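Here's a quick tour for anyone opening this structure for the first time. Have a look at it before reading on.

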Amino acid sequence: WLDEPPINSWQTAKSLLKDLNCLDENSITPLGKAALLMGCHPRLACVALSGAIFGNIDLSTELASKYDKSVSGNPELAKKSALELKKRVQKCREIYNFSSCFPQKFSGFSTSCALLCGFPDRIALLEDDATGLYHFPSGRMALLPKETHRPYPKFIIAPEADAGEKTGRIYSFEALPEKIAEEY
């Protein structure tokens, strides 16, 4: 690079790639190599690729497209994106053996399971049922929008959230069944 990235940004990126199992200590894993071929953010690539291991590529690629900001708001573009991702996932499944890179064992594959493969740090536990305040593994807290219907789920996975000044906001989430959260 012409300009070296800030060390904190570099360390944060490496940490995320390790959490996603795209990197081990300092080398790229088969999942990381496959993620490079997806043409999207590594989180979304891991969501898409999870379907190859857990047996539902249609669901995983549809989810990856749903949360891809570059195609959001355009249903036709999202549909094309999902079809392209599906082709890439099928090709990667032929080239790489990345099954050991998904250490999670789920009794059944679902939306929640696919999202956990790309957003493992975005699982959150309900802290305050009155306000919809959730606690993330990082220690950060975030609120669900006020218009969210109650009762609030005990566990969620939040692909779109921000850190905020003191308390962040959750823009999109999927309820996470308690059994899956505890297995995870």
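The notes below go through a central helix, the nonpolar cores, the pockets and a few single residues.

Keep in mind that this is a predicted model. A good place to start is helix H3, residues 42-54, where ten of the 13 residues are buried. H3 also hands the largest nonpolar core its biggest share, seven residues.

**Helix H3**

- The 13 residues of H3 should span 18 Å at 1.5 Å a residue, and the C-alpha atoms at its ends are indeed 18 Å apart, so the expected and modelled lengths agree.
- If you want to pick out the covered part of H3, look for Arg43, Leu44, Ala45, Cys46, Val47, Ala48, Leu49, Ser50, Gly51 and Ala52, which are its buried residues.
- What do those buried residues pack against? Their partners are five helices: H1 (7-19), H2 (30-36), H4 (57-66), H5 (75-95) and H6 (111-118).
- Right after H3 ends, glycine 55 has a positive phi, at about 85°.

**The nonpolar cores**

- As a rule, nonpolar side chains in soluble globular proteins tend to be buried together.
- Here, the largest nonpolar core holds 39 residues, and Leu31, Leu49 and Phe98 are the ones touching the most other members.
- Which elements supply at least two residues each to this core? They are H2, H3, H4, H5, H6, strand E4 and helix H7 (178-183), with H3 providing the largest share.
- Leucine 49 is worth zooming in on: setting aside neighbours within four places in sequence, leucine 49 is in contact with Leu31, Ala34, Ala35, Met38, Val89, Cys92, Phe98 and Phe102.
- Apart from this core there's another one, made of ten residues, including Ala124, Leu126, Phe136 and Ala142.

**The two largest pockets**

- The largest pocket has a volume of about 340 Å³.
- Its lining counts 16 residues, and those nearest the centre are His41, Arg43, Phe119, Arg122 and Pro159.
- H1, H3 and strand E4 (155-161) each bring at least two residues to that lining, and H1 gives the most, with four.
- Sorted by class, the lining of the largest pocket comes out as seven charged, six nonpolar and three polar residues.
- The second largest pocket contains about 230 Å³ of space.
- To find the second largest pocket, follow its lining: Asp121, Arg122, Phe136, Ser138, Arg140, Met141, Ala142, Ala161, Asp162 and Ala163.
- That second lining splits into five nonpolar, four charged and one polar residue.

**Single residues to look at**

- Asparagine 21 sits in the loop between H1 and H2.
- Its phi is near 65°, which is a positive value in a residue other than glycine.
- Is asparagine 21 buried or partly exposed? Its relative accessible area is 23%, so asparagine 21 counts as partly exposed, because buried would mean under 20%.
- Glutamate 183 belongs to helix H7 and is partly exposed too, with a relative accessibility of 36%.
- Glutamate 183 and glutamine 104 are 79 residues apart along the chain, yet their C-alpha atoms are separated by 8.3 Å.

How values were computed: Residues numbered from 1 in each chain as written. Predicted model: local features only at pLDDT ≥ 70, side-chain atom pairs only at ≥ 80, totals over all residues. Heavy atoms only, no water. Expected span 1.5 Å × (residues − 1). Buried < 20%, exposed > 50% of the residue type's maximum accessible area, 1.4 Å probe, protein only. Contact = heavy atoms within 4.5 Å. 1 Å grid on protein atoms, 1.4 Å probe; cavity = no way out; pocket = protein on both sides within 12 Å on 5 of 7 lines; lining within 4 Å. Points joined across faces, edges and corners; volume = space filled by probe spheres on them. Nonpolar A, V, L, I, M, F, W, Y, C, P; charged D, E, K, R; others polar. Core = buried A, V, L, I, M, F, W, Y, C linked by side-chain atoms within 4.5 Å.
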